[in-house]
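Here is a friendly walk through one model, told as questions and answers. Have the view open and follow along.

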Amino acid sequence: MITNGLARTRIAHLPTPLEPLPRLSARLDGPELWIKRDDQTGLATGGNKARKLEFLAADALAQGADTLITGGAAQSNHARQTAAAAARVGFACRLVLRGAGPPAAQGNLLLDRLLGTEIVWAGERPLADVMAAEAEALRSAGRRPYVVPYGGSNPVGASGYVAAMEELLAQCAEQQVHFDHVVFASSSGGTQAGLVVGARALGYPGRVLGISVDPPADRLRPLVSELATATAAHLALELTFNPEEVAVDDGYLGGGYGVVSDLERDAIRTLAQAEGILLDPVYTGRAFGGLLDLIRRGAFRADEQVLFWHTGGTAALFAYGEVVGG
Ligand SMILES: *Cc1c(COP(=O)(O)O)cnc(C)c1O
């Protein structure tokens, strides 16, 4: 394996299932659709951050850390999975969350509380500044903090998705299936950077298409290409990437991060009712909504095979009940 040289803690449930979506494919009259179930990775309801945390937690252990610090939105899946990884490996955990605490903890925030993490509300202050200040405060108190970056997206974390591409291609060989396109929600860029490095290193010829959930394409493309180049270097691979080689569709940003519209509502219902699989309101609902729209607009040929990589987040459904329309 490409990632064999790196320290890794085996805390995710892998490999995740690779499954066809026959009922939905038949209904759409488009390409053949499959799904990769990274909503089933474990760590307190699953998601893509579990793959990154296998490498990040190992790095924290190697550095002798005793506490993980990370940050995100109040409904951050990354924060919740980091809290679960900390509990699993035996670290304390401190989460820096944007805004002020809501009166009742629901969804991911409820899980953060159950997982026993300390929560620091950042208000409008930049998360990275508050995370650095919290790390400093812990160090002065004699503790050994390890800061997991926003989204787990640095070369250590992104290595999880290099390994994931290797996992996918092994499953493709085993199940005798090939994908012309791999489509998923992209935001802090670590998932896409890892997949892009894995694709190039392993000679995967298909397209790796990130549907942006948040940043415009002219920001996300260079973010991914720079992180991909750094991740390749971390793995001792001599590969470099340009923004023009990174496929991003930013046509589905709607009202902005976390603002649920008909696109997400319809996508969630469509997949739930055709296949019994739940999406989330912020990331996969938007990305799958984008994929359904691309299919309707004829962006794929009927003889192509398209993989939707489910990146998790379903715990957030329980905090978005009203806007999703239960
Ligand atoms: C974090 C997250 C993403 C985006 O992954 P990045 O590596 O940050 O681009 C997608 N889906 C879900 C459910 C997430 O929590």
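Two strands count as paired if DSSP finds at least two bridges between them. Keep in mind that this is a predicted model.

Q: In what order do the six strands of the open sheet stand?
A: The pairing in this sheet is mixed. Following it from one strand to the next gives the order S1-S2-S10-S7-S8-S9.

Q: Which strands stand at the edges of that sheet?
A: An edge strand here has a single partner strand, so one side of it is left without a neighbour in the sheet. That description fits strand S1 (18-20) and strand S9 (247-249).

Q: Which residue in S10 does Val 183 stand opposite?
A: Strand S7 (residues 181-186) and strand S10 (residues 305-310) run parallel and are joined by three bridges. Looking across from Val 183 to S10, you find Phe 308.

Q: Is helix H9 roughly parallel or roughly perpendicular to helix H10?
A: The axes of H9 (residues 262-275) and H10 (residues 284-296) are 8 Å apart and meet at an angle of about 85°. Angles of 65 to 115 degrees count as roughly perpendicular. That makes the arrangement of H9 against H10 roughly perpendicular.

Q: How many residues of the contact of H9 with H10 are nonpolar?
A: H9 contributes residues including Leu 263 and Ile 268, and H10 residues including Phe 288 and Leu 292. Besides four polar and two charged residues, the contact has six nonpolar.

Q: How far from an oxygen atom of the ligand does a polar side-chain atom of Thr 191 lie?
A: Thr 191 is among the residues that come nearest to the ligand. Its polar side-chain atom lies from a ligand oxygen atom at 2.7 Å.

Conventions
Residues are numbered from 1 along each chain as its sequence is written. This is a predicted model: local features need pLDDT of at least 70, side-chain atom pairs count only at pLDDT 80 or more; totals for chains, interfaces and linings use all residues. Side-chain values use heavy atoms; hydrogens and water are left out. Helices (H or I, at least four residues) and strands (E, at least two) are DSSP runs, numbered from the N terminus. Axes are lines fitted to C-alpha atoms, for helices over the stretch in contact, and angles run from 0 to 180 degrees between N-to-C directions. Angles under 35 degrees count as roughly parallel, over 145 as roughly antiparallel, 65 to 115 as roughly perpendicular and the rest as oblique. Contact means heavy atoms within 4.5 Å. Ala, Val, Leu, Ile, Met, Phe, Trp, Tyr, Cys and Pro count as nonpolar, Asp, Glu, Lys and Arg as charged, and the others, Gly among them, as polar. A residue is near a molecule or strand if one of its heavy atoms lies within 4 Å of it. A polar contact is a pair of N or O atoms within 3.5 Å; within protein, one must be able to donate a hydrogen and the other to accept it, and residues adjacent in sequence count only if both atoms are side-chain atoms.
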